[in-house]
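This report concerns one protein chain. The sequence and the structure are shown first.

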Amino acid sequence: MFSTTLRLDDDLGRFLREAADAQALSVNGWLAELVRREQVTAARRKLAADWAAYGQDTEAQDVTYAFVAQAEVAAEPKRRSYRARKAK
């Protein structure tokens, strides 16, 4: 498992704690969720760029690697609202 130390100014640290509390998560859990969302977003951007390049290229390109990413995006569970999570 990856571990790191993060140094933030007081205002940013306070924001981080409040944001995590608002979603009933630990700071670690909130940051991990944030990084996971960014990972998905980056994969979507790469897929979009690759498909755009594929459309402009006259030679066929191998895009079979993208099928797994497309299936993951299509299978993403719908996120529950904050109120629904808090009601538990």
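The text below goes from the whole chain to single residues.

**Overall fold and confidence**

The model is predicted. The protein chain contains four helices and zero strands, and from the N terminus on its elements follow the order α-α-α-α. Mean pLDDT for the protein chain is 84, with 83% of the residues at 70 or more. Confidence is highest in α1, at a mean of 96, and lowest in helix α4 (residues 82-86), where the mean is 67. Where pLDDT is low, the predicted coordinates should not be read in detail.

**Surface and contacts**

The protein chain has 88 residues, and 10% of them count as buried. Its accessible surface is about 7600 Å², and carbon and sulfur atoms make up 57% of that area. Among the contacts with a separation of 6 or more, 26% join residues that lie 24 or more positions apart.

A nonpolar patch of about 370 Å² lies on the surface and is formed by L6, L8, L12 and F15. One of these residues, F15, belongs to helix α1. F15 counts as partly exposed because its relative accessibility is 47%, which falls between the limits of 20% and 50%.

**Three residues compared by accessibility**

| Residue | Relative accessibility | Class |
|---|---|---|
| A24 | 69% | exposed |
| F15 | 47% | partly exposed |
| Q70 | 34% | partly exposed |

**A24, between two helices**

A24 sits in the loop that links α1 (10-22) and α2 (27-56). Its phi is near 55°, a positive value, and the residue is not a glycine. A24 is classed as exposed because its relative accessible area is 69%, and the class begins over 50%.

**Q70, in helix α3**

Q70 is placed in helix α3, which covers residues 65-74. With residues up to four places away in sequence left out, Q70 touches L47 and W51. Q70 is also 8.5 Å from R44, C-alpha to C-alpha, while 26 residues separate the two in sequence. Is Q70 buried, partly exposed or exposed? The relative accessibility of Q70 is 34%, so the residue counts as partly exposed; buried would require a value under 20%.

**Summary of the local picture**

The residues described here include F15 in helix α1, A24 in the loop between α1 and α2, and Q70 in helix α3. F15 contributes to the nonpolar surface patch, A24 has a positive phi, and Q70 makes contacts with L47 and W51.

Conventions: Residues numbered from 1 in each chain as written. Predicted model: local features only at pLDDT ≥ 70, side-chain atom pairs only at ≥ 80, totals over all residues. Heavy atoms only, no water. Buried < 20%, exposed > 50% of the residue type's maximum accessible area, 1.4 Å probe, protein only. Contact = heavy atoms within 4.5 Å. pLDDT = per-residue confidence, 0-100. Patch = residues over 30% accessible without salt bridge, like charges linked within 9 Å, V, L, I, M, F, W, Y side chains within 5 Å. Areas by Shrake-Rupley, 256 points an atom, 1.4 Å probe, with all protein chains shown as cover. Salt bridge = Lys/Arg side-chain N within 4 Å of Asp/Glu carboxyl O.
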